[in-house]
Amino acid sequence: MAAEEGAGRSESGQERGGAAVGGACAQARDERDPDGGAEALFNVIIPDHHADAFSPPRLAPSGSVDQLVEGLLGGLSRWDAEHFLFIAEHGYLYEHNFAFFPGFPLALLMGTELLSPLQGLLSQRSCLLVSVALLNSLFSVLAAVALHDLGCLVLRCPRQAICAALLFCLSPANVFLAAGYSEALFAFLTFSAMGQLERGRGWASGLLFALAAGVRSNGLVSVGFLLHSQCRAFCSSLVVLNPWKQLIKLVASLCLSVFTVSLPFALFQYYAYTQFCLPGSAHSIPEPLLQLASDKGYRLAGENEPPWCSWDLPLIYNYIQDVYWNVGLLRYYELRQVPNFLLAIPVTVLVVWATWTYVTTHPWLCLTLGLQRTKDKGSLEKPHFGFLSPKVFVYLVHAAALLVFGGLCMHVQVAEAGGELEDCYRTRPRVTEESVPAAQRSCILEPAQVQMALHCMLTPQERGRLSHDSSSQRCY
């Protein structure tokens, strides 16, 4: 009878987890649909801001269907999205295109292949716009599901896991998940990699982290999760196994993890080197794109060798961030950037408050870098669930490190978009969906619509198996 009762509770817990995942998925899908309608509406009624941004000429003639697609989905192609669409259509022609990694353009090309029956009706660009809308809707839903899955494994509190997934869906910054940006794909891959790592599947996690590093450069930072997991396993094995053998195994696994995650970045930098620094790398380029390069001063492959080719470590990415985007230590600290610093205040306050709360609660855990929970190994510590769980440590370090680096060296308003992807799975929500009245939930959506309107004009640059006892604990 006890076994049957335990099995019944386990099945019931799995059903509740599945229902929670389905709720997060449905909420994400519902949030995407209003964004699409608002984007089309604002794209029609609000005139575009004429900024000095990348805007390549359209080479293929556009028919009436193409114009309809542009009117409905053109708002998704503003700013950085224009780079991704250009790369997917023409490849890496200009030097500054190499600031954008190839993972998302490759996904768009795969999406256009699925739309091949429509290519007689739509131009290549229209197919890419449709691919952006469909794929980012899919990636956003999958990211919300993966986030809920990760929350169940790390927080061991289903209520907070579903809250994190809902906040991820309702964030005003989710305009970056709907537009032609790489955030949605990156979030899905990163959350999935973290979930696999929490399950002890190191190889699957490393592969997903490597794929994420091929989508965005900050995916390189995720190697820290692999390194910390391996160091924690090493400390746990010292008691019963040969320390020297485990040390050799640790060093080998650390080197392999760094190599795996950094391989996409290294291959991308090497490809840029072959295009700009080796002879015979010039390609046939349409005349309108040559004229654009001449008018704007864009560097093409086969022209004069750029200065970064002669560096000891010729990394085009560092050069582009320095020359084209003026990214560097304290370079963004100007009086005219005060409004952008104000945009970053909410995420900054959230991460600082969360870090202080966690450090004051677990001082010894933080001093030992999350490797030892208590000063006395023999003592028993009251288990923590939710945000104060020991498993949260490495995620909080990730958030704090990105905040410090972003605040000192990046365009600080990026935190508005990055905060949604990097921090929502480690926040400490105290409300559930049921506790928020429908009228208040509708008010939460209003900033998202305002953000979508601004984006169309001017946008700044686990479902783990939880036991009945643990799921019934109070979550902090």
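**Helices, a disulfide and a nonpolar patch**

Phe 259 is found in helix 11. The model discussed here is predicted.

Reader: How many helices and how many strands does the chain have?
Author: The model is predicted, and the count refers to its secondary structure. Strands are absent from the chain. The chain comes to 19 helices and zero strands.

Reader: Which helix gives the most to the nonpolar surface patch?
Author: The patch covers about 570 Å² and is made by Trp 203, Leu 256, Phe 259, Leu 263 and Leu 267. Phe 259 lies in helix 11. With four residues, the helix that gives the most is helix 11.

Reader: Which residues does the disulfide join?
Author: The structure holds one disulfide. Its sulfur atoms are 1.8 Å apart, and it joins Cys 277 to Cys 309.

Reader: How many residues apart are Cys 277 and Cys 309 along the chain?
Author: The disulfide joins Cys 277 to Cys 309. Cys 277 sits in the loop between helix 11 (243–276) and helix 12 (287–296), and Cys 309 in the loop between helix 12 and helix 13 (316–323). The pair links distant parts of the chain, 32 residues apart.

Reader: Is the disulfide of Cys 277 and Cys 309 left-handed or right-handed?
Author: Both cysteines are buried. The torsion about their S-S bond is about -75°. The sign is negative, so the disulfide is left-handed.

Reader: Is Cys 127 buried or exposed?
Author: Buried means under 20% relative accessible area. The value for Cys 127 is 1%, so Cys 127 is buried.

How values were computed
Residues numbered from 1 in each chain as written. Predicted model: local features only at pLDDT ≥ 70, side-chain atom pairs only at ≥ 80, totals over all residues. Heavy atoms only, no water. Helix = DSSP H or I, 4+ residues; strand = E, 2+ residues; numbered from the N terminus. Disulfide = S-S within 2.5 Å. Buried < 20%, exposed > 50% of the residue type's maximum accessible area, 1.4 Å probe, protein only. Patch = residues over 30% accessible without salt bridge, like charges linked within 9 Å, V, L, I, M, F, W, Y side chains within 5 Å. Areas by Shrake-Rupley, 256 points an atom, 1.4 Å probe, with all protein chains shown as cover. Salt bridge = Lys/Arg side-chain N within 4 Å of Asp/Glu carboxyl O.
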